[in-house]
Amino acid sequence: MLHRFAPTGHLRRAALGLLAALALTACAPVVVSDAPPLPGPPDVSQISAPAVTPQSPRQAANNFLTVIRRMEPVIERECLARRTDNINCDYQFVVDDRLDMEPNAFQTLDRAGRPIIGFTVSLIAAAQNADELAFVVGHEASHHILNHLSRKSTSATAGAVILGGLAAAAGADPGTIGSIQRVGASVGSRVYSKEWELQADYMGTIITLAAGYDPVRGAEFFRRMPDPGDHILGSHPSRAARMAQVQRAVADVRSGRAR
């Protein structure tokens, strides 16, 4: 999941305009099918991070719809090819149109196990080009392919069991044990979170390339987010680590170490 950042007054106005543009061109939730033919991946030897100019709300909305149409078949193909468990690869893409929500993207599952990739309107407005949107989509889709939600749940359960067991062995009362279990679950869910984010950045880069977008340019999105640094139990890696991971994935594609 991408790290959130606080919206500004300018971004709020952009989000309002974007919501109006989306209302004219699409609806939320967005379910896209019948995608146009995909171009081949760009020449990674020419990838750079050029300067960008602000988009109008209509441009942002059109970019979003185009990105989803191009990315969806690539994501589902990669999911079927790369999954290690029998997970559902029929993705659904939705837009959270609440204007008070911070820019964010997320991955979750519905009750049937179908993967859902969600975006706030403010995130779509904050993206400065189609490459940034594509990278966000690829990153979130990768969390599902890598089965991170299930692994996070398992890690949280282990943390709760371990700390809860220690508290019980020390003679703590049931209320205290419950509180310590909740702490253990929180700690357990964060132990591998930075590693999982970097894994999603790596696979997301490969998917973004496969759909014909520039992940290095897309990862410029990180530069406008607060840098979480490198805290031991932080949920996200540092900006430098994430940018380096994207560059590493591109280099691996170039050399043939990653397809």
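How many of the residues of helix α4 are buried? In this predicted model, the count is 16 of 16, and α4 is mostly covered.

The helix spans residues 130–145. From its first C-alpha to its last, α4 reaches 22 Å. That is close to the 22 Å expected for its 16 residues at 1.5 Å a residue. Both ends of α4 have a neighbour of note. At the N-terminal end, N129 acts as a cap. One of its side-chain oxygens lies 3.1 Å from the backbone nitrogen of D131. After the helix comes N147. The phi of N147 is positive, near 60 degrees.

Helix α4 also meets a second helix, α7, which covers residues 193–210. The two axes come within 7 Å. They cross at roughly 120 degrees. Because an angle of 65 to 115 degrees would count as roughly perpendicular and one over 145 as roughly antiparallel, α4 is classed as oblique to α7. The crossing of α4 and α7 is right-handed.

The strands β2 and β3 form a hairpin. Strand β2 holds residues 105–109, and strand β3 holds residues 115–120. The two strands run antiparallel and are joined by five bridges. One bridge partnership links L109 to P115 in β3. Five residues lie between the strands of the hairpin. In this hairpin, G113 takes a positive phi near 85 degrees. A positive phi is thus found in G113 of the hairpin and in N147 after α4.

Technical notes:
Residues are numbered from 1 along each chain as its sequence is written. This is a predicted model: local features need pLDDT of at least 70, side-chain atom pairs count only at pLDDT 80 or more; totals for chains, interfaces and linings use all residues. Side-chain values use heavy atoms; hydrogens and water are left out. Helices (H or I, at least four residues) and strands (E, at least two) are DSSP runs, numbered from the N terminus. The expected span of a helix is 1.5 Å times one less than its number of residues. Buried means under 20% relative accessible area, exposed over 50%, partly exposed in between (1.4 Å probe, protein chains only). A polar contact is a pair of N or O atoms within 3.5 Å; within protein, one must be able to donate a hydrogen and the other to accept it, and residues adjacent in sequence count only if both atoms are side-chain atoms. Two strands pair if DSSP finds at least two bridges between them. Axes are lines fitted to C-alpha atoms, for helices over the stretch in contact, and angles run from 0 to 180 degrees between N-to-C directions. Angles under 35 degrees count as roughly parallel, over 145 as roughly antiparallel, 65 to 115 as roughly perpendicular and the rest as oblique. A crossing is left-handed if the near helix is turned anticlockwise from the far one by less than a right angle, and right-handed if clockwise.
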